[in-house]
Amino acid sequence: MERVVRLFTYNIHHGKGVDGKVRLRRVAAVLQRHNPDAIALQEVDRHLPRSYLRHQARALARHLGMYFVFTPTLSWLGICQYGLAILSRYPISEHQYYPLPGAHEPRGLQSASLDHDAGTFFLLNTHLGLNYQEREKQAEAIREIIRSLSGPVVLAGDMNTERLTFPELPVTPPDHLPTFPSYRPRFGLDRIFASRHWRIIRAFTPSTGASDHLPLLVELVPAN
């Protein structure tokens, strides 16, 4: 029997739905409904007034019964933060953060080593910039990081573009799966790329108004 890894990437927009209301429980319901093994989240708040001072990554992890790591890309007074989170049903044995180049909003790459039943693999999570030149520099920095890793790798996140490739991670859903805007999706900004260690058997975008993006879910199995 194939060992399936169910992986989500989701820009949760700090839980702000298309109705303009911040309701983290709607995000939690979407995640719980599809029962992923690992989740890459972007635009996650920690102790910000706009999201009722909640540690959103911790709240979601507790609700789902998962391990988590949160990495801020922006911080105010060292308490109010905004950034990236990885959630996993399986232990996270290592975690690193790599700042990415850019002159505008700080961007970074979150890396976690997950001890899944299918074997240990690296899950990389990012949210790239809006500027094309800046985004290309960020993508090249990520490629260098990928080349330094050994073993299975999955990169997930909000790439803010449909025109991005990672030669080191050639396994990606073949179909155009638009994720933005969630109320009338036209652009496939949220992407998942995997190394040759993987094969994708399913990919889809669950419909929800819990954020301005739709989540992207893929099911992967080891290639051999």
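The legends below walk through close-up views of a predicted model.

**View 1. A six-stranded open sheet.** Follow the strands across this sheet and you will meet them in the order E3-E4-E2-E1-E11-E10, with mixed pairing. Strand E3 (67-76) and strand E10 (198-204) stand at the edges; each has a single partner strand, so one side of each is left without a neighbour in the sheet. From one strand to the next, the twist averages 20°.

**View 2. Strands E1 and E2 side by side.** Here we zoom in on strand E1 (residues 5-11), which pairs with E2 in the parallel sense over five bridges. To find your bearings, look for Leu7: its bridge partner in E2 is Ala38.

**View 3. Helices H1 and H2 against the strands.** Helix H1 lies across E1, E2, E10 and strand E11 (216-222). The angle between H1 and E1 is about 160°. Helix H2, in turn, lies across E2, E3 and strand E4 (80-88), and H2 runs at about 140° to E2.

**View 4. Asn35, just off helix H1.** Between helix H1 (24-34) and strand E2 (38-46) there is a loop, and Asn35 sits in it. Most residues other than glycine have a negative phi. Asn35, which is not a glycine, has a positive phi of about 50°. Is this residue buried or exposed? Asn35 falls in between: it is partly exposed, with a relative accessible area of 43%.

**View 5. Tyr52, another positive phi.** Tyr52 belongs to the loop between E2 and helix H2 (56-64). Tyr52 is not a glycine either, yet its phi is positive, at about 65°. Because the cut-off for exposed is over 50%, Tyr52 counts as exposed at 55% relative accessibility.

**View 6. A cis peptide bond before Pro181.** Most peptide bonds are trans. The bond that joins Phe180 and Pro181 is cis, with omega about -10°. You can find Pro181 in the loop between strand E8 (153-158) and strand E9 (190-194).

**View 7. Residues 64-84 and their UniProt annotation.** An unreviewed UniProt entry lists residues 64-84 as "transmembrane region". What is the helix and strand content of the chain over residues 64-84 in the model? This stretch is 5% helix and 71% strand, and its end C-alpha atoms are 17 Å apart. Edge strand E3 (67-76) is a good place to start looking.

Notes: Residues numbered from 1 in each chain as written. Predicted model: local features only at pLDDT ≥ 70, side-chain atom pairs only at ≥ 80, totals over all residues. Heavy atoms only, no water. UniProt positions renumbered as here; feature names shortened; annotations may be inferred. Helix = DSSP H or I, 4+ residues; strand = E, 2+ residues; numbered from the N terminus. Buried < 20%, exposed > 50% of the residue type's maximum accessible area, 1.4 Å probe, protein only. Pairing = 2+ DSSP bridges. Axes fitted to C-alpha atoms, helices over the stretch in contact; angles between N-to-C directions. Contact = heavy atoms within 4.5 Å.
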